[in-house]
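Open the model in your viewer and show it as a cartoon. Keep the sequence panel beside it. We will go from one selection to the next.

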Amino acid sequence: MIRYSRYLMPTTKETPSDAEVVSHRLMLRAGLLRKVASGIYNYMPAGLRVLRKVERILREEMDGVGALEVLMPAVVPSELWKESGRWDAYGKELLRFKDRADREFCLGPTHEEVVTDLVRREVRSYRQLPLTLYQIQDKFRDEIRPRFGLMRGREFFMKDAYSFDADDEGAVESYRKMYEAYCRIFRRMGLDFRAVEADTGSIGGSSSHEFMVIADSGEDAIVSCASCSYGANVEKAECLPSVATTTQKESGGAKEGGPCSAPVPGATKGEPRKVPTPGKRTVEEVSAFLSIDPATLIKTLLFETSVGDVAILISGAHEVNEIKVKNHLGADYVRLAGEERVREMTGAPSGFAGPVGLPVRTIADLSVRSIASGATGANEKDAHLVDVVPGRDFVPEAYADLRGIREGDPCPRCGGTLRFSRGIEVGHVFRLGTKYSEAMRAVYLDEGGKERVTVMGCYGIGVGRTAAAAIEQNHDGDGIVWPISIAPFEVAVIPVNVKQVDVMAAAEHVAADLDARGVEVFFDDREERPGIKFKDADLTGIPVRITLGEKNVAAGFGEIRDRKTGETLRIPLPELADEAFALVGKKKAECSP
């Protein structure tokens with residue numbers, strides 16, 4: 001049992017001016033955090049209790065799948081990052097510095113290099129595999145704009161795990177075990193979450209899943225199917241090929257020097273026709289001027305990439321997904337070409353590029369293949385081509401899924417309807433393959449004595465970010481509504497008037513009874529007005545509140561209030577501890593995996 005009078009939990013009424021999201025505001029107001037510098041915080045006693053509960057769940061589930069806990073250094077020599085090729089590629093988020101001997105180091109934002117170095121030194125034989133190592137450790141990423149408290153800080157706690165297997169089959173099994181462990185972890189924390197397919201980003205690898213806590217304040221847009229379990233980050237979501245485009249606005253015919261209103265689809269004979277389109281650059285302007293469906297306009301976007309200039313073709317009804325383009329090309333970066341570069345590649349200003357006769361590598365989205373005949377830029381100022389037939393008038397290097405998903409699109413798994421929601425990423429699992437083990441020579445000897453490269457996976461969960469996401473999902477106008485498994489305390493016992501001997505005696509008795517049963521009790525023994533005590537209890541989000549007032553105690557009763565539902569019960573004093581204990585047990589059962 002902890003007494004408020006001897007505890008450091010300084011609550012405030014005022015909302016900090018720099019707190020932009022609910023979790024940041026409430027963690028500061030509830031006395032869980034205090035800011036030290038931008039994106040760097042002190043964890044106050046109650047805030048640390050929350051983090052330790054998250055960590056306990058993580059350790060239990062990691063140990064449950066046979067992972068072994070280690071602790072790696074926060075300071076990492078540059079040599080390891082240079083071996084993997086990430087020293088220059090990672091970006092300014094990697095905080096680099098030199099020691100007194102002028103040797104380069106960084107603060108580890110993630111530990112693929114360090115753990116690969118550890119395993120290559122210690123693992124020699126297939127008999128030592130599979131092996132999964134994990135740690136819960138402080139990380140640092142020099143975010144350009146730290147914000148939202150623990151949601152996007154610079155210094156943060158993270159659980160990162162790394163699996164090493166003898167082959168792909170073993171790596172798939174390790175990934176499955178960790179995926180299932182993550183599902184249990186977030187269920188035990190009482191969170192509404194979704195596992196979605198995601199891009200591998202700077203970590204790399206062949207595939208990954210993000211674990212998203214569903215919340216309106218989430219930074220990430222995710223799609224999920226209403227009919228099956230498919231879910232994906234919008235950057236990763238697969239798009240089915242469009243249905244053949246045939247709809248057009250039809251009228252008379254072409255007018256020389258004016259808009260072409262003849263139907264574009266189905267043109268199988270003759271050459272593409274050039275039509276003046278003075279000042280018409282955008283999809284909306286061109287399609288309206290030509291009286292055509294935007295879906296039949298073949299939009300040409302020019303990119304500068306690490307593998308050379310590329311033209312991406314896509315239907316005017318869709319937008320290009322640059323992450324898909326980058327992954328398809330295997331490029332380190334892709335960026336839209338500027339106005340000057342567009343002129344160099346096409347001979348025309350932006351808005352008039354087209355694939356016919358374009359001397360640039362060309363790749364088309366699947367939506368282009370379904371256009372029987374369309375319109376496109378003429379690579380000439382104020383001009384477009386119509387009656388352009390893909391495959392006849394231009395032949396792209398390849399067709400691929402390069403477009404962004406839209407709400408209502410068909411599910412790529414079952415054909416159902418995709419819907420959008422917002423999510424907060426709290427965990428990410430990756431199948432790394434041999435990206436790091438090959439670069440850093442993490443090898444073992446197989447049964448025949450032949451040297452082979454280990455196959456890796458990595459698995460991360462943000463500890464503080466998960467706590468903040470729980471608040472984003474569980475709060476009301478009065479404060480935090482903690483799931484009991486990660487609440488700083490389970491029961492708040494509030495004697496309304498600490499100067500009343502009978503009230504204090506009853507409160508001490510029920511608090512001691514619950515404490516003896518292993519319940520985490522927070523005893524508010526402050527000489528404060530009842531309203532202040534009640535507001536603080538609601539603000540800090542303790543799941544169960546027991547209130548003992550003078551009149552109730554005199555009548556032989558106490559009150560139990562459920563923070564989540566607001567339901568309040570008047571219970572005889574001899575039964576008060578039993579009822580509270582039962583409610584705690586019920587709430588714990590709701591957080592079972």
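What follows is a tour of selected stops in a predicted model.

**Stop 1: the N-terminal strand and its sheet**

Select residues 2–3. This is strand 1, an edge strand that pairs on one side only. Now add residues 521–523, which make up strand 29. Strand 1 and strand 29 run parallel and share 2 bridges. Put isoleucine 2 and phenylalanine 522 in sticks: the two stand opposite each other.

Widen the selection to the whole sheet. It is open, with 6 strands in the order 1-29-28-30-31-32, and its pairing is mixed. At the other edge is strand 32, residues 568–572.

**Stop 2: the helix across that sheet**

Keep the sheet visible and select residues 573–590, which form helix 15. Which strands does helix 15 lie across? They are strand 28 (491–495), strand 30 (544–548), strand 31 (557–562) and strand 32. Helix 15 runs at about 10 degrees to strand 31.

Next, add helix 12, residues 501–516. The axes of helix 12 and helix 15 come within 9 Å and cross at roughly 45 degrees. That angle is why the two helices count as oblique to each other. The crossing is right-handed.

Show side chains where the helices meet. From helix 12, pick Val510, Asp513 and Leu514. From helix 15, pick Leu576, Ala577, Ala580 and Phe581.

**Stop 3: glycine 31**

Go back towards the start of the chain and center on glycine 31. Glycine 31 sits in the loop between helix 1 (22–29) and strand 2 (33–37). Is glycine 31 buried or exposed? Glycine 31 is buried, because its relative accessibility is 0% and the cut-off for buried is under 20%.

Light up what glycine 31 touches beyond four places away in sequence: Met9, Pro10 and Met44. For a sense of scale, draw a distance from glycine 31 to glutamate 508, back in the last stop's part of the sequence. The two are 477 residues apart in sequence, and their C-alpha atoms are 25 Å apart in space.

**Stop 4: a hairpin**

Move along to strand 2 and add strand 3, residues 40–43. The two strands run antiparallel and are joined by 4 bridges. Lysine 35 stands opposite tyrosine 41 of strand 3. Strand 2 and strand 3 form a hairpin with 2 residues between the strands. Glycine 39, in this hairpin, has a positive phi near 75 degrees.

**Stop 5: a three-stranded sheet**

Select strand 5 (75–77) and strand 6 (96–98). Add strand 7, residues 104–107. These 3 strands form an open, antiparallel sheet in the order 5-7-6. Strand 5 and strand 6 are its edges, each pairing on one side only. Turn the view: the twist averages 40 degrees from one strand to the next.

Zoom in on strand 6 and strand 7. They pair in the antiparallel sense over 3 bridges. Phenylalanine 97 has phenylalanine 105, in strand 7, as its bridge partner.

**Stop 6: the cysteines**

How many disulfides does a search of the whole structure find? The count is 0. Cysteine 106 is in no disulfide, and its nearest cysteine sulfur, on cysteine 458, is 16 Å away. Cysteine 106 is buried, at 0% relative accessible area.

Now jump to cysteine 591. It too is in no disulfide; the sulfur of cysteine 183 is the nearest, 16 Å away. Cysteine 591 counts as buried, with 11% relative accessibility.

**Stop 7: backbone details in three loops**

Select leucine 129 and proline 130 and show the backbone. The peptide bond between them is cis, with omega near 0 degrees. Proline 130 lies in the loop from helix 4 (112–122) to strand 8 (131–140).

Then step to phenylalanine 148, in the loop between strand 8 and strand 9 (155–165). Phenylalanine 148 is not a glycine, yet its phi is positive, about 65 degrees. This residue is buried at 15% relative accessibility.

Finish at asparagine 379, in the loop between strand 19 (374–377) and strand 20 (383–388). Asparagine 379 also has a positive phi, near 55 degrees, and is a residue other than glycine. Asparagine 379 is buried, with a relative accessible area of 15%.

Terms used
Residues are numbered from 1 along each chain as its sequence is written. This is a predicted model: local features need pLDDT of at least 70, side-chain atom pairs count only at pLDDT 80 or more; totals for chains, interfaces and linings use all residues. Side-chain values use heavy atoms; hydrogens and water are left out. Two strands pair if DSSP finds at least two bridges between them. Axes are lines fitted to C-alpha atoms, for helices over the stretch in contact, and angles run from 0 to 180 degrees between N-to-C directions. A disulfide is a pair of cysteine sulfur atoms within 2.5 Å. Buried means under 20% relative accessible area, exposed over 50%, partly exposed in between (1.4 Å probe, protein chains only). Angles under 35 degrees count as roughly parallel, over 145 as roughly antiparallel, 65 to 115 as roughly perpendicular and the rest as oblique. A crossing is left-handed if the near helix is turned anticlockwise from the far one by less than a right angle, and right-handed if clockwise. Contact means heavy atoms within 4.5 Å.
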